[in-house]
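Reader: I've got the coordinates open and a few labels I'd like to challenge. Can we go through how each one is earned?

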Amino acid sequence: MNLRNCARCGKMFNYVAGPAICDPCKKAVEEDFQKVKQYIQDNPTASLKQISEDNEVTTKQIQQWIREERLMFSKDSPIQLLCEKCGEPITTGRFCAKCKTSMANTLNDTVAQKRQALQQALQQKQEPKSGMRFLDT
Ligand SMILES: [Zn+2]
Ligand SMILES: [Zn+2]
């Protein structure tokens, strides 16, 4: 048992994984999310404060959903999201499509580099052995 206090209601619950939120709260948050999602569709020009007040959801929670790419905003929305890397306007998440692609490529590069380094290390390990055999004769 891994007991923790729920980050939302403060009650003790058996923590398994993910955000430290109890099951009833998880359901309530999900209901809030559906409500907010619908609200944004119906009120595409609502500001963050307005959404928060009309749905009784914290702006922090809304921003979290945005970062998780669960909420999208139209071009008419006063909520302007900017790519955290290059500053381009985006509709959801934290980065624009271009930066996401370039970051994914960088990640692949690092993996390739690591594999190469590992191969080189293995080769270097093998070399002294053959060299030693050479010395024995
Ligand atoms: Zn709770
Ligand atoms: Zn970008």
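Reader: What makes Lys49 and Glu53 of helix 2 exposed?
Author: Bear in mind that this is a predicted model. The label asks for over 50% relative accessible area, and Lys49 and Glu53 both carry it, on the other side of helix 2 from the buried residues.

Reader: And which residues of helix 2 are buried?
Author: Leu48, Ile51, Ser52 and Asn55, in a helix that runs over residues 48-55. Buried means under 20% relative accessible area.

Reader: How do you know that the buried residues line one face of helix 2?
Author: Look down the helix axis: the buried residues fall within an arc of 95°, so they sit along one face. As for what they pack against, it's helix 1 (23-42) and helix 3 (59-67).

Reader: What makes the phi of Glu56 worth a remark?
Author: Most residues other than glycine have a negative phi. Glu56 is not a glycine, yet its phi is positive, about 55°. You'll find Glu56 just after helix 2, in the loop that leads to helix 3.

Reader: Why is Glu56 called exposed?
Author: Its relative accessible area is 72%, and the cut-off for exposed is over 50%, so Glu56 qualifies.

Reader: Glu69 has a positive phi too, near 60°. Why is Glu69 called partly exposed?
Author: Partly exposed is the band between under 20% and over 50%. Glu69 has 39%, so it lands in that band. Its place is the loop between helix 3 and strand 3 (81-82).

Reader: Why does Leu3 count as partly exposed?
Author: Leu3 comes out at 46% relative accessibility, so it belongs in the partly exposed band. Leu3 is in strand 1, residues 3-5.

Reader: What makes Met1, Leu3 and Met12 a patch?
Author: A patch takes residues with over 30% relative accessible area and no salt bridge, and nonpolar side chains are joined within 5 Å. Leu3, at 46%, clears that area cut-off. Together the three form a nonpolar surface patch with about 400 Å² of accessible area.

Reader: Zooming out, how do you know how the chain compares with a compact globule?
Author: Set the radius of gyration against the globule rule: 137 residues would give a value near 14 Å, but the chain has 25 Å. The C-alpha trace spans about 85 × 45 × 15 Å along its principal axes. Buried residues make up 25% of the 137.

Reader: Last one: what order do the elements run in?
Author: β-β-α-α-α-β-β-α from the N terminus on, with four helices and four strands in the chain.

Note on methods. Residues are numbered from 1 along each chain as its sequence is written. Chains are lettered from A and ligands numbered from 1 in the order in which they are written. This is a predicted model: local features need pLDDT of at least 70, side-chain atom pairs count only at pLDDT 80 or more; totals for chains, interfaces and linings use all residues. Side-chain values use heavy atoms; hydrogens and water are left out. Patches are made of residues with over 30% relative accessible area and no salt bridge: like charges are joined within 9 Å, nonpolar side chains (Val, Leu, Ile, Met, Phe, Trp, Tyr) within 5 Å. Accessible areas come from the Shrake-Rupley method with a 1.4 Å probe; for residues, only the protein chains shown count as cover. A salt bridge is a side-chain nitrogen of Lys or Arg within 4 Å of a carboxyl oxygen of Asp or Glu. Helices (H or I, at least four residues) and strands (E, at least two) are DSSP runs, numbered from the N terminus. Buried means under 20% relative accessible area, exposed over 50%, partly exposed in between (1.4 Å probe, protein chains only). The radius of gyration is taken over C-alpha atoms; the globule rule is 2.2 Å times the number of residues to the power 0.38. The arc is that of the directions from the helix axis to the C-beta atoms. Contact means heavy atoms within 4.5 Å.
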